[in-house]
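User: I'm new to this structure and would like a close look at a single part. Could you walk me through how one pair of helices packs together?

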Amino acid sequence: MDTIKIAIALIAFRLDGAWGFHGAINPRKLPSLTIGRVASTAWATSNDGLDYATNEQRQRAKAPLVDSTLLRFLSSQKKSDAVQLKDQKDRSSAGRSLSLDTPNRTSEAVEVDLPTFAAENIGEGETEAQAAAPLTIDLPSDKPLDSQSWLSQYNAQRVALKLQTLGVDSEVSIKAGKIVQDCVLARVTRQRIRKFLQERDALWESGYTVPLDRKGLKEGISPAAASSFDIDGVIAVMTEYGLTGNDVAAVFSHTPNVAMMRARRTESKAQMDNADGERKSFALEETLDRAFVGLLGETLKLRRYDARKVLRSSPGLLTAKGSASAVQVVDLMVSLGSSTNSIARDKSSIPTLLCRSPALIFRLVAFLSSAQLKVPLSAIGPILRRKQSAELLDAVAPVKRMVTLDAYDDIASKKLFSLDTGSEILGYLKADITLRQQKIEENYRSMEAVANVLRRSAGIRDFRKILTSHPNAFFLNVTNIHLLTHYLREDVGMTKDDISKAIQSFPNLLEQDVSKVKDVVEFLLYLEVDEYDLPSILRSFPATLLLDIEENMVPVVSFLRDIGVRNVGRFVARLPPVLGYSVENDLKPKWDFLREVCQFDYFEVVRFPAYFSYPLERVIKMRYEYLRDCKGIPIRLARVDDVLRFGDRDFATEIALDIDNGAAFKNYVEERNCKLHPSIQTRHKQRKRKQ
């Protein structure tokens, strides 16, 4: 079953050229996998078949995606899949008995599009009966690891024991060891199947009639290539750079490919591309220097502890491609107006940001800075680095997910490998491969549709303010936005300029259902708010349209009527935010204080409704107490608007009649705040010491 899962993953990899991310390409038409088709192609896999095809037809022959030859090869792989590894020395002691069995792949994650490498042909040269039995490899303890089978060092128990010596918990180390072992076996099997498919396709094109060797690869890995696989060296390099055992286990768990990287850098010219001098591969030392030391330590200036946390949470960051991609992401964000300090400030979002594709982020930047949206480049970086923009980035620049082998269980459970369901296999794999790209394209279409509606119906030209306060506005219901703008323009009487200002100052308005907006407008008209005042009210205070009538508005209206306000509509028109105030926390405490300090409380409130908009402790009480306690002015006869509508300096000079340009009132404010809030007094003392 596991081998079949890996075969499905490989088939998906082969389909990537036709349905992958880089664009839609018309794939070659494959013959349907029916019983009749298999019977008609039996000559290609039989020893006694007759070849009636011409040379031209043989050159055009293409191998089907799945045929009986591939199924027989997979069957042989299942028989020779198990490998056991024994240590002849100290076999009875715990921690020395090692076994490399085909793991139970039920939950471990293995990335689908893994890079290829020359894999060892396990069990090569044995008979079919011998291949069916587990292969035992003896490892004499006196031989160095280089002379042993390179595959044996990735045994799950061996990796776990190595991690436990670094202080890793037993359960965590065993889990990491199994994931590494699964990854290695998956890569080996994929390579064998890939090589088999290449040979099979070549035989189909040439018309060769000799059946393929079911064992797949004929050549084993060379000693030079095997020497580059050294998990002990990988662990040693990671510990040399200051990573702990738990860090190593976390990296192996989310990026098991790191265990198969070349540990030390070398100056071999074989690692340079002959054409343009570009590096073919990078050692773990080089990726650690680039990502851990250079990017996290020097560029972002993270502490070593924080840098280690980022490595533990960033899949692929220590790979050659992942480290280079992370550097490009940071460089791109800096060029868009974000400083490295601002990026490093939000440490929880760094791992996700560094794992995103720089190409997808650049596409988003091109979209936002286009002639339609006109977002300045210097403003895009600060917008994208905010936590609120995570949903936007997940939609168009998602982090590459890790695919578990369990994802293919449903294929196997449906028995899609039966010969008459080839079209179903193609449909399933095509949907799985293109799902990510389809979602990205769909999200861009949605964003463009919302932008067009806002630009044409609402008259918005600069989307910077909207994205700054509401980055997910582009994923709202475009139909509701169109109906909302149409209602505000045609029924309420707002102009395009009014709607544009309202949306830019309060983008959450776009989330409100148009039916609820209608209910709010009808309630305002019921309160006898003049319909000619509605456009200016909603333009200045668009949050009014998001209030709940029963929960917010009705209690406020009842309170105003209880204190004697007769024309509630006019009162609301003069102070629209009052409908959103809390009766218990705002209105009632302020009203009770006003009745204590003012003789004509009702008259003052009706004449100056803005009284309810001032903070009670910080402004209202402070100024009345200053007039009463410090200046000895009778406050019951003071007009409320005179006490509150001036700034601090004008209040001190015009109302309190101070001649020190407001210095005495400023000292009174500081002393009163220190009594109410001791933390403020501490900050003042620290500030004076610095001065």
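Analyst: Here is a look at helix 9 and helix 10, starting with how to read the model. This is a predicted model, where local features need pLDDT of at least 70 and side-chain atom pairs count only at pLDDT 80 or more, while totals for chains, interfaces and linings use all residues. Residues are numbered from 1 along each chain as its sequence is written, and side-chain values use heavy atoms, leaving out hydrogens and water.

Helix 9 covers residues 231-240 and helix 10 covers residues 245-254; helices here are DSSP runs (H or I, at least four residues), numbered from the N terminus. Their axes come within 10 Å and cross at roughly 125°. Axes are lines fitted to C-alpha atoms over the stretch in contact, with angles from 0 to 180 degrees between N-to-C directions. That crossing makes helix 9 oblique to helix 10, oblique being whatever is left after under 35 degrees (roughly parallel), over 145 (roughly antiparallel) and 65 to 115 (roughly perpendicular).

So who touches whom? On the helix 9 side, Ile231, Val234, Ile235 and Met238 meet Val248, Val251 and Phe252 of helix 10, with contact meaning heavy atoms within 4.5 Å.

Now zoom in on Phe252. Leaving out residues up to four places away in sequence, Phe252 also touches Val159, Ala176, Ile179, Val180, Val258 and Ala259, among others. Both Phe252 and Met238 are among the residues touching the most other members of the largest nonpolar core, which has 150 residues. Such a core is a set of buried Ala, Val, Leu, Ile, Met, Phe, Trp, Tyr and Cys residues joined through side-chain atoms within 4.5 Å, where buried means under 20% relative accessible area (1.4 Å probe, protein chains only).

How values were computed
Buried means under 20% relative accessible area, exposed over 50%, partly exposed in between (1.4 Å probe, protein chains only). Helices (H or I, at least four residues) and strands (E, at least two) are DSSP runs, numbered from the N terminus.
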